[in-house]
Amino acid sequence: MSEQRREPSKAQLARHAARELAVQGLYQWQLTEKPIAAVEAEFRSQIADEDLEDHENWHKVMGIADLALFHQLLHEVARHRRELDATIAPLLDRRLEDLDLIELAILRLGAYELAKRPEVPYRAVINEGVELAKSFGATEGHKYVNGILDKLAAKLRGAEVSARRR
């Protein structure tokens with residue numbers, strides 16, 4: 001018996017778009033070290049660029065994104081960076097500084113959601129991280145992100161993970 005996939009709701013698409021923007025914003029913040037408010041302002045002031053793929057065209061993504069969630073994720077991940085890094089670092093097979101910046105942004109976002117947004121199911125956090133890594137990360141980066149977020153979920157949301165696996 002095959003499982004039929006449901007189309008995502010408008011709210012789910014808006015949350016996914018907010019996470020896409022947040023990852024791109026966090027990447028830019030990590031790369032440029034600009035204040036996070038300046039990064040957000042740049043995103044919000046973008047004009048349409050028809051030469052870009054839809055998921056890379058900030059202007060188009062802004063049109064469907066949950067902008068309040070984008071703002072929250074961008075600012076809160078930046079604000080809690082040290083705490084998030086301390087949570088992620090022991091699970092890595094390399095130094096945090098040696099991670100690809102896009103994968104680091106995705107892991108920080110996932111760590112934030114696992115630690116600070118308990119209303120988001122851990123499986124949704126992992127799935128979003130994997131999808132973001134497939135869209136923006138290195139070829140096999142999604143597998144690495146999946147493994148780290150899975151370990152982090154077990155650490156931060158042990159009861160939820162155990163209940164799901166029973």
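The paragraphs below lead through this structure from its overall fold to a few of its residues. The model is a predicted one, and its chain contains 9 helices and 0 strands. Read along the sequence, the pattern is α-α-α-α-α-α-α-α-α. Of the 166 residues in the chain, 45% count as buried. Among the contacts between residues at least 6 apart in sequence, 70% join residues that are at least 24 apart.

A good place to begin is the interior. In soluble globular proteins, nonpolar side chains tend to be buried together. In this model the largest nonpolar core holds 49 residues, and those that touch the most other members are Leu26, Phe70, Ile88, Leu92 and Leu107. The elements that give two or more residues to this core are helix H1 (10-32), helix H2 (36-44), helix H3 (58-64), helix H4 (67-79), helix H5 (81-88), H6, helix H7 (122-136) and helix H8 (141-156). Of these, H6 gives the most, with 9 residues. Leu26 can serve as an example from this core: leaving aside its neighbours within four places in sequence, Leu26 is in contact with Ile36, Leu74, Val77, Ala78, Ala105 and Leu109.

From the core the reader can turn to a gap in the packing. The count comes to 1 cavity of 30 Å³ or more, and about 30 Å³ of space lies in the largest cavity. Its lining is made up of Arg19, Ile106, Leu109, Gly110, Glu113, Val125, Glu128, Gly129 and Leu132. Both H6 and H7 supply at least two residues of this lining. Sorted by class, the lining has 4 nonpolar, 2 polar and 3 charged residues.

Two of the lining residues deserve a separate look, and Glu113 is one of them. Glu113 is found in helix H6, which spans residues 101-116. Because its relative accessibility is 2%, Glu113 counts as buried, the cut-off for that class being under 20% relative accessible area. The side chain of Glu113 is joined to the side chain of Arg117 by a polar contact of 2.4 Å. When residues up to four places away in sequence are not counted, Glu113 touches Arg19, Leu73, Pro118, Val120, Val125 and Arg157. Two of the residues it touches, Arg19 and Val125, also belong to the lining of the largest cavity.

Leu132 is another residue of that lining, and its place is in helix H7. With a relative accessibility of 1%, Leu132 counts as buried. Although Leu132 and Val23 are 109 residues apart along the chain, their C-alpha atoms are separated by 7.9 Å. Val23 is also among the residues that Leu132 touches, which, not counting those up to four places away in sequence, are His16, Arg19, Glu20, Val23, Ile106, Leu109 and Gly137.

Helix H7 also holds Ile126, which is buried, with a relative accessible area of 9%. Ile126 and Ala153 are 27 residues apart in sequence, while their C-alpha atoms are 8.2 Å apart in space. Once neighbours within four places in sequence are left aside, Ile126 is in contact with Asn146, Leu149, Asp150 and Ala153.

A further buried residue carries a charged side chain, since Asp counts as charged under the classes used here. This is Asp85, which is found in helix H5 and is buried, with a relative accessible area of 12%. The side chain of Asp85 makes a polar contact of 2.7 Å with the side chain of Arg108. Arg108 appears again, together with Leu96 and Leu104, in the list of residues that Asp85 contacts when neighbours within four places in sequence are left aside.

The last stop is a residue in a loop. Most residues other than glycine have a negative phi. Glu33, by contrast, has a positive phi of about 60° although it is not a glycine. Its place is in the loop between H1 and H2. Is Glu33 buried or exposed? Glu33 counts as exposed because its relative accessible area is 70%, and the cut-off for that class is over 50%.

How values were computed. Residues numbered from 1 in each chain as written. Predicted model: local features only at pLDDT ≥ 70, side-chain atom pairs only at ≥ 80, totals over all residues. Heavy atoms only, no water. Helix = DSSP H or I, 4+ residues; strand = E, 2+ residues; numbered from the N terminus. Buried < 20%, exposed > 50% of the residue type's maximum accessible area, 1.4 Å probe, protein only. Polar contact = N/O pair within 3.5 Å; in protein donor to acceptor, adjacent residues only side chain to side chain. Contact = heavy atoms within 4.5 Å. Core = buried A, V, L, I, M, F, W, Y, C linked by side-chain atoms within 4.5 Å. 1 Å grid on protein atoms, 1.4 Å probe; cavity = no way out; pocket = protein on both sides within 12 Å on 5 of 7 lines; lining within 4 Å. Points joined across faces, edges and corners; volume = space filled by probe spheres on them.
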